[in-house]
Amino acid sequence: VRHLFKSVPNHYKVDLACVEKKIAIEVDGASHKLKKWKFLDRRKTEILNSLGWKVLRFWNEEIDESPKMCVEKIMSIISK
């Protein structure tokens, strides 16, 4: 996908992944609300999507306050 983007890193690390289903799960903290991180997160998601990955993003607060909702969202994607 290098031809689709201005610059692409050699690799990405994700917080959690289901390689068989190509699902990446990212847990974002407050720093991801900054302009720089918003750009980097958006680019990371676009590149991974181009490689056939589905990226799910959750805020730390979502996981703390509604873990069941987060699990349900993840399971709905995994079971497809």
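A salt bridge here is a side-chain nitrogen of Lys or Arg within 4 Å of a carboxyl oxygen of Asp or Glu. Keep that cut-off at hand for the exercises below, and bear in mind that the model is predicted.

**Exercise 1. Salt bridges**

Task: Find how many salt bridges the rule gives, and name the partners of each.

Solution:
- Step 1. The count comes to 3 salt bridges.
- Step 2. Start with K44 and E26, whose closest N and O atoms are 2.4 Å apart. This pair links distant parts of the chain, with K44 in helix α1 and E26 in strand β2, 18 residues apart.
- Step 3. Next come the side chains of D28 and R57, which meet at 3.0 Å, N to O. Here strand β2 supplies D28 and strand β3 supplies R57, and the two residues are 29 residues apart.
- Step 4. Finally, R57 also pairs with D41, with 3.8 Å between the closest N and O atoms; that value counts because the cut-off is 4 Å. Since R57 lies in strand β3 and D41 in helix α1, the pair ties together parts that are 16 residues apart in sequence.
- Step 5. Put the shared partners together: D28, D41 and R57 join into one network.

**Exercise 2. Buried or partly exposed?**

Task: Sort the salt-bridge partners K44, E26, D28, R57 and D41 by burial.

Solution:
- Step 1. The cut-off for buried is under 20% relative accessible area.
- Step 2. D28 has 5%, so D28 is buried. D41 has 10%, so D41 is buried as well.
- Step 3. R57 has 24%, and is therefore partly exposed.
- Step 4. For the remaining pair, both K44 and E26 are buried.

**Exercise 3. Checking helix α1**

Task: Test whether the length of helix α1 (residues 35-50) agrees with 1.5 Å a residue, then describe the surroundings of the helix.

Solution:
- Step 1. The helix has 16 residues, so the expected span is 22 Å.
- Step 2. The end C-alpha atoms of α1 are 23 Å apart, which agrees with that expectation.
- Step 3. Now list the buried residues of α1: D41, R43, K44, T45, I47 and L48.
- Step 4. An α-helix has 3.6 residues a turn, so residues three or four places apart point the same way.
- Step 5. What do the buried residues of α1 pack against? Their partners are β2 (23-28) and β3 (54-59).
- Step 6. Look just past the helix: G52 takes a positive phi of about 95 degrees.

Notes: Residues are numbered from 1 along each chain as its sequence is written. This is a predicted model: local features need pLDDT of at least 70, side-chain atom pairs count only at pLDDT 80 or more; totals for chains, interfaces and linings use all residues. Side-chain values use heavy atoms; hydrogens and water are left out. Helices (H or I, at least four residues) and strands (E, at least two) are DSSP runs, numbered from the N terminus. The expected span of a helix is 1.5 Å times one less than its number of residues. Buried means under 20% relative accessible area, exposed over 50%, partly exposed in between (1.4 Å probe, protein chains only). Contact means heavy atoms within 4.5 Å.
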